[in-house]
Amino acid sequence: MKLGKKHLSMWMLILLLSFGLAACASEPDANSGSSDDDATAGNEEGTGGDLVIDTKSELVSLDPHGVNDVPSGNVQSNIYETLVFFDENMDIQNGLAEDWKQVDENTLEFKLREGITFTDGEPFNAEAVKANIDRITDEDIASQRAFLFADISEINVVDDYTIQFITEEPSASLIFSFAHNGGSMISPKSIEEDYAAMENGETSGSVIGTNPVGTGIFKLDEWASGNFVRLVKNEDYWDGEAKLDSVTFQVVSEDNTRLANIETGSAHISEPTAPSDVNRVENSDVMDIVQSDSLNVSYIGFNTEREPFDDVRVRRAISMAINNEDVVNNLYNGYGTPAKGPIAPGVIGYDDSIEPIEYNPEEAKKLLEEAGIEDGFEITISTNDTTERQDLATFVQAELEKVGLDVNIDIVEWGAYLEQTAQGDTDMFVLGWSSATGDADYALEPLFHSKNKGNAGNRSFYENEEVDALLDEAKNELDTTKRNELYSQVQEILIEEAPLLYTHHKVELNAVANTVHGFYRHPTGDFWLKDVYVD
């Protein structure tokens, strides 16, 4: 049977009464790609082509255990695979594992597919899986994604193709973590080589980050740093090779240039496409706009360890000064939903009944006066060079000036920006977070648990013992109703204390040449390219 996430926690509770009940998922759908119109509809008869995706920012690394940014993830997800994955409805499906079951409340078991090899010829088996989870949780690796598997206390290799993961406490979210691309399987030979490089003074990921070896539909052909990454299809892929011959992620920072490249035929997809450019695309006879729902929350973060943002009154005042309806309608032409809080609708644990901070500039002025800064102060909003984020920073700058704040904007290159926000070298910053597991645990713990300050996701350096305790309790709660109640409490606190200014849940927009067929963007943001071909 196929197991929906909304049923998973209740199902796990039933397991407490009848251990050993298997949770079988259906086979992956080889034709799951979808699009908005016939111009991008899949055609089983089509095949071939060299797809070029113009992307705003260069990826940071090809090590899926090492980084957590979208440009890297879009490439990685076509090189590596996970034991299970989310289909387009965010239901768990079998991937490299042919089956899985909850043996008891603390033991998750996978039965692995046989006969699969990594692109370097290494066999995929239980030892390879163990090597990957050992690596991502190794403190010396300092993975940004280690929290996904932090609950695992023991790994038991039962036989060549059976592996068990044991937790000290029940973990309702662990199966979702294995569907996240942080659980991507890397060749054990690459892992060994990467550790050997570390012993010689190199940093973690020095081998894997530039020479990826997975089991996926594509493999690396060439990476010209700052220019492009080209992948070619894995002709030995275990589940039928890709239709494309190659896909190139080409770094093109200017929005207009990306669209011009599609118009002239030198590129096929623009990532991203700004809402302000939708009319240009829709009026073109060579490209179409593809809209994709997301599980994203866009936000402006406050460095809560810096004055005056260590004062909740200041954070709430700034939040009150911004009208999220105007953000969506005026900045993004209606492509999005105003955010109430930190979780997107559609994510397990989202509470539609919570009340957001009300837009009220006059009350914002009063709160600033109460905080002792009635004369205002000078602050800097940092952002990377994405048009939407620059536009949001400019909008917020103008709105905050109305309540007496002097705001500067600092635009930083993507890689440097990630480092800057991870180190806390900001006042305010513009970012977003996608709930890539579709579960509140992933939506909240990385951004707000004190153990994840900095690189792991909590870039506001927020700390609240009650929030930490509620998140820890919810992670281990198998009863769906109780678990959602705990997450509702967390959302209420996070709205009240406003470590972030939650602005909107965006719709992903991509201009796609009408010679491209089968393009599909997953709700997690990943590009699914197996069924894509180019006329």
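Trainee: How many bridges join β6 to strand β7?
Mentor: This is a predicted model, where local features need pLDDT of at least 70, side-chain atom pairs count only at pLDDT 80 or more, and totals for chains, interfaces and linings use all residues. Residues are numbered from 1 along each chain as its sequence is written, and side-chain values use heavy atoms, without hydrogens and water. Strand β7 covers residues 162–167 and runs antiparallel to β6. The number of bridges joining β6 to β7 is six.

Trainee: Which residue in β7 is the bridge partner of E154?
Mentor: Strands here are DSSP runs (E, at least two residues), numbered from the N terminus. Look across from E154 into β7. The bridge partner is I166.

Trainee: Which strands are the edges of the open sheet of four strands?
Mentor: Pairing takes at least two DSSP bridges between two strands. The order is β4-β5-β7-β6, with antiparallel pairing. An edge strand pairs on one side only, and that fits β4 (97–104) and β6.

Trainee: At what angle does α3 run to β6?
Mentor: Helices are DSSP runs too (H or I, at least four residues). α3 lies across β5 (107–112), β6 and β7. Angles run from 0 to 180 degrees between N-to-C directions, with axes fitted to C-alpha atoms, for helices over the stretch in contact (heavy atoms within 4.5 Å). For α3 and β6, the angle is about 170°.

Trainee: What is the average twist of the open sheet of six strands from one strand to the next?
Mentor: The order is β14-β18-β13-β17-β15-β16, with mixed pairing. Its edge strands are β14 (336–338) and β16 (406–411). From one strand to the next, the twist averages 30°.

Trainee: Which residue in β17 stands opposite F302?
Mentor: Start with the strand pair. β13 (residues 296–302) and β17 (residues 428–434) pair in the antiparallel sense over seven bridges. Opposite F302 stands M428.

Trainee: Which helix lies across β13, β15, β16, β17 and β18?
Mentor: Place β15 at 378–383 and β18 at 500–506. The helix spans residues 387–401 and runs at about 170° to β16. That helix is α11.

Trainee: How far apart are the axes of helix α13 and helix α14?
Mentor: Two packed helices are described by the angle between their axes and the distance between the axes. α13 (residues 440–448) and α14 (residues 465–476) pack at an angle of about 145°. The distance between the axes of α13 and α14 is 11 Å.

Trainee: Which residues in α14 meet α13?
Mentor: On the α13 side are D441, L444, E445 and F448. In α14, they meet V467, D468, L471 and K475.
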